[in-house]
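This briefing sets out selected features of the structure shown below. It is arranged by topic for a reader who has the coordinates to hand.

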Amino acid sequence: MKYNKLGDSNLNVSEICLGTMTYGQQNTIEEAHQQLNYAVAEGINFIDAAEMYPVPTKAETQGKTEEYIGEWLVKKQRDKLIIATKIAGPNPKMTWIRGGNNQVNLPNIQQAIEDSLRRLQTDYIDLYQIHWPDRYVPLFGAPDYDPNNERDTTPIAEQLEVFAELIKAGKIRYLGVSNETAWGVCKFSHLAEKLGLPKIVSIQNAFSLVNRIFHINIAEACRFNNVGLLAYSPLAFGLLTGKYLHGVPENSRVALFPGFEQRYRKTNLTEAITAYVEIAHKNNMTPAQLALAYVRSRWFVASTIIGATTMEQLKENISSVEISLTEEIIAEIDEIHAKYPNPTP
């Protein structure tokens, strides 16, 4: 396992981050703790959660993911682990999170951080992230930006001022964003420098063989602002494993939650995945290992977030760190990308 410095922070995060959004829904607390123990034994020091997890989010389970981690974390050496979680952004449908009034403002941030600290059974969070922007942006595969969808928003400077106080109080160490745009990265970074406020050190966005949008312009914004990518959905909801090419397996996420994967059901996806699976098999690796090795190989990726519902999946995903893709394999990948560019942006 390799470790990368995360942006301007002093956090050295493992190149694989353990995602936990299934804990409390698809995984029991015993399974969660088994995964956490195995991941740490394999060299992973970076664990990612969110106040809204598990997914699909609902009132009955919201917060269980952090609770499961907290029951495990309280028995571990806290300073050896990097714990990340997120505050939910605006979504009036999530009435079970602070009544659905979830602007990223002073009262919501204060309540969210206290609730996460309590559930995680810790005094501080290493990386606190805004799960999605307070302002309107197209999210989760939504179509192009439309100014008509703009809404009232908490100014970014005001958000940063609140986080500055939490950092000063020792409740969080560093700040990150998620599902953010190039404009957002630049604005957060510029205002932090101009006003002497905490700078974002990371961005958690989707990135995979079938979604390389990050390459186009966010990568440039992150390079010049020293913001590291925490790549989520590197297996495109599990589709890049190839397991859905011939139907929907029993007890898979798509089988359990019909429609939950609609973000990924786009034109040319099946053709692209079929081609990537062929490359993997030809080079004696599993499709998941190929997909994860590709994401890990990108210069802007600080850590690749993996998630698994079984120990077999977890072991396969972590084993991808042993694979280095040759220039020839990268060239084959790029040929497929040129033929089927970004089917799931």
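Q204 is placed in strand 8, which covers residues 200-206. The model is a predicted one, and in it Q204 has a relative accessible area of 3% and is therefore buried, as this value is under 20%. Leaving aside residues up to four places away in sequence, Q204 touches D48, K86, Q129, V177, S178, N179, L230, Y232 and I305. The points below turn to the nonpolar cores, the helices and the backbone.

**Nonpolar cores**

- The largest nonpolar core holds 92 residues, of which F163, I203, F214, Y276, L290, L325 and I333 touch the most other members. Helix 8 (residues 269-282) supplies the largest share of this core, with eight residues.
- A second core, separate from the largest one, has 15 residues, and C17, L127, L230 and Y232 are among them.
- I203 touches V177, E180, V185, F214, I218, C222, V227, G228, L229 and L230, when residues up to four places away in sequence are not counted.
- L230 and Y232 of the second core are also among the residues that Q204 touches.

**Helix 4**

- Helix 4 has 13 residues (156-168), and at 1.5 Å a residue these should span 18 Å; the C-alpha atoms at its ends are 18 Å apart, so the expected span and the model agree.
- Its buried residues are I156, A157, Q159, L160, V162, F163, A164 and L166. F163 also belongs to the group of residues in the largest core that touch the most other members.
- The partners of these buried residues in packing are helix 3 (106-120), strand 6 (125-130), strand 7 (172-178) and helix 5 (182-195).
- G170, just after helix 4, adopts a positive phi of about 80 degrees.

**Helix 8 and helix 11**

- The axes of helix 8 and helix 11 (residues 327-339) lie 10 Å apart, and the two helices pack at an angle of about 165 degrees. The angle is over 145 degrees, and the pair is therefore roughly antiparallel.
- The crossing in which helix 8 passes helix 11 is right-handed.
- On the side of helix 8, the contact is formed by A272, A275, Y276, I279 and K282; on the side of helix 11, by I329, E332, I333, I336 and H337.
- Y276 and I333, which take part in this contact, are also listed with the residues of the largest core that touch the most other members.

**Helix 5 and helix 6**

- Helix 5 and helix 6 pack with their axes 8 Å apart and at an angle of about 15 degrees. Because the angle is under 35 degrees, helix 5 is roughly parallel to helix 6.
- The two helices cross in a left-handed sense.
- Helix 5 contributes A182, V185, C186 and S189 to the contact, and helix 6 contributes I218, A221, C222 and N225. V185, I218 and C222 are also among the residues touched by I203.
- A219 is a residue of helix 6 (residues 218-225), and its relative accessible area of 3% makes it buried.
- Apart from neighbours within four places in sequence, A219 is in contact with F214, W299 and F300.
- A219 and Q34 are 185 residues apart along the chain, and their C-alpha atoms are separated by 35 Å.

**Backbone geometry**

- Most residues other than glycine have a negative phi, and most peptide bonds are trans. The sites below depart from one or other of these patterns.
- The peptide bond that joins Y53 and P54 is cis, with omega about 10 degrees. P54 is found in the loop between strand 4 (46-48) and helix 2 (64-73).
- A cis peptide bond also runs from V55 to P56, where omega is near -5 degrees. P56 lies in the loop between strand 4 and helix 2.
- Q121, which is not a glycine, has a positive phi near 55 degrees. Q121 lies in the loop between helix 3 and strand 6, and its relative accessibility of 34% means that it counts as partly exposed.
- A236 likewise has a positive phi, of about 50 degrees, without being a glycine. A236 is placed in the loop between strand 9 (228-232) and helix 7 (253-256), and at 0% relative accessibility A236 counts as buried.

How values were computed. Residues numbered from 1 in each chain as written. Predicted model: local features only at pLDDT ≥ 70, side-chain atom pairs only at ≥ 80, totals over all residues. Heavy atoms only, no water. Core = buried A, V, L, I, M, F, W, Y, C linked by side-chain atoms within 4.5 Å. Buried < 20%, exposed > 50% of the residue type's maximum accessible area, 1.4 Å probe, protein only. Helix = DSSP H or I, 4+ residues; strand = E, 2+ residues; numbered from the N terminus. Contact = heavy atoms within 4.5 Å. Expected span 1.5 Å × (residues − 1). Axes fitted to C-alpha atoms, helices over the stretch in contact; angles between N-to-C directions. Parallel < 35°, antiparallel > 145°, perpendicular 65-115°, else oblique. Left-handed = near helix turned anticlockwise from the far one by under 90°.
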